[in-house]
Amino acid sequence: EGLITFSMSPEAKFGDIPLYGRFQVLDREVVKMAFDAVFRIPSRTNFGFLGGIPLRFIIHEQFAFDTGLEFVVDDIPQGPSAWSLNLPFKFVANATDQFFLELLSGMTFFDLGKSINVRTSGLIGGPFYFIPLGLSAGYTVEGGTTMMDVFVNFRFPTFYGFTARDSNLNAETWQVTIGLNI
């Protein structure tokens, strides 16, 4: 997702554009909290919505821990929507004022219809639980009043997956993201 985004697997295609808003409700020296609302404008896939409560804990001026709660609804044209819950985990280390590294993980509860007694997609027989694993490196460029982050991210989105019946380590599915945030 992004304003100008494309995927190269299995063939090059443009991605979806998110309409995004964040309202910060808490800004303390060691903790920050906000509310997020993201509407996915479908240019490649289908409509989706993410509502979130991001939290940032500042450990030291060079280290932070990001977490929170994200609720996701994905429209499925063949049936009811898929409801998911994400608990992200990101450890951020600033090596310098411009260069940063991030260790990414967390947990995703995918297709929770049966768990919360709501009829959802049913296409994949959820719920499924995933633990992603990733690493990002980036550089911040300041230009007057504008800041820009250039970054590269490598991650296994479903590194460890499990259900009530089975579990699986999956290092075959991976993603590389090269991005620019302004």
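## Exercises on an all-strand chain

Ile-53 sits in strand S5. This is a predicted model, where local features need pLDDT of at least 70, side-chain atom pairs count only at pLDDT 80 or more, and totals for chains, interfaces and linings use all residues. Residues are numbered from 1 along each chain as its sequence is written, and side-chain values use heavy atoms, with hydrogens and water left out.

**Exercise 1. State how many helices and strands the protein chain has, and how much of the chain is buried.**

Step 1. Fix the rule for elements. Helices (H or I, at least four residues) and strands (E, at least two) are DSSP runs, numbered from the N terminus.

Step 2. Count. The protein chain has 0 helices and 12 strands. From the N terminus on, the order reads β-β-β-β-β-β-β-β-β-β-β-β.

Step 3. Fix the rule for burial. Buried means under 20% relative accessible area, exposed means over 50%, and partly exposed lies in between (1.4 Å probe, protein chains only).

Step 4. Apply that rule. Of the 182 residues of the protein chain, 29% count as buried.

Step 5. Add the surface. The protein chain exposes about 11,900 Å², and carbon and sulfur atoms supply 62% of that area. Accessible areas come from the Shrake-Rupley method with a 1.4 Å probe; for residues, only the protein chains shown count as cover.

**Exercise 2. Place Ile-53 and Leu-87 on the surface, and find the patch that holds them.**

Step 1. Classify Ile-53. Ile-53 is partly exposed because its relative accessibility is 31%.

Step 2. Classify Leu-87. Leu-87 belongs to strand S7 (residues 79-94). Its relative accessible area is 34%, so Leu-87 is partly exposed.

Step 3. Recall how patches are built. They are made of residues with over 30% relative accessible area and no salt bridge; like charges are joined within 9 Å, and nonpolar side chains (Val, Leu, Ile, Met, Phe, Trp, Tyr) within 5 Å.

Step 4. Name the patch. Phe-23, Val-25, Phe-35, Ile-53, Leu-69 and Leu-87 form a nonpolar surface patch, with about 500 Å² of accessible area together.

Step 5. Check the spacing. Ile-53 and Leu-87 are 34 residues apart along the chain, and their C-alpha atoms are separated by 10.0 Å.

Step 6. List neighbours. Contact means heavy atoms within 4.5 Å. Leaving out residues up to four places away in sequence, Ile-53 touches Met-33, Ala-34, Phe-35, Thr-67, Gly-68 and Leu-69.

**Exercise 3. Decide whether Asn-86 is buried or exposed, and find its side-chain partner.**

Step 1. Locate the residue. Asn-86 lies in strand S7.

Step 2. Classify. Asn-86 is buried because its relative accessible area is 15%.

Step 3. Find the partner. The side chains of Asn-86 and Thr-108 are joined by a polar contact of 3.1 Å. Such a contact is a pair of N or O atoms within 3.5 Å; within protein, one must be able to donate a hydrogen and the other to accept it, and residues adjacent in sequence count only if both atoms are side-chain atoms.

Step 4. Widen the view. Beyond four places in sequence, Asn-86 touches Gly-68, Leu-69, Glu-70, Val-72, Met-107 and Thr-108.

**Exercise 4. Trace the salt-bridge network that contains Asp-66.**

Step 1. Set the criterion. A salt bridge is a side-chain nitrogen of Lys or Arg within 4 Å of a carboxyl oxygen of Asp or Glu. The count comes to 6 salt bridges.

Step 2. Take one pair. Asp-66 and Arg-56 meet in a salt bridge at 2.6 Å, N to O. The pair links distant parts of the chain: Asp-66 is in strand S6 (residues 63-76) and Arg-56 in strand S5 (residues 48-60), 10 residues apart.

Step 3. Compare exposure. Asp-66 is buried because its relative accessibility is 13%. Arg-56 counts as partly exposed because its value is 31%.

Step 4. Add Lys-90. Lys-90 forms a salt bridge with Asp-66, the closest N and O atoms being 3.9 Å apart. This pair links strand S7, which holds Lys-90, to strand S6, which holds Asp-66, 24 residues apart. At 25% relative accessibility, Lys-90 is partly exposed.

Step 5. Assemble. Arg-56, Asp-66, Lys-90 and Glu-102 are linked in a network of salt bridges.
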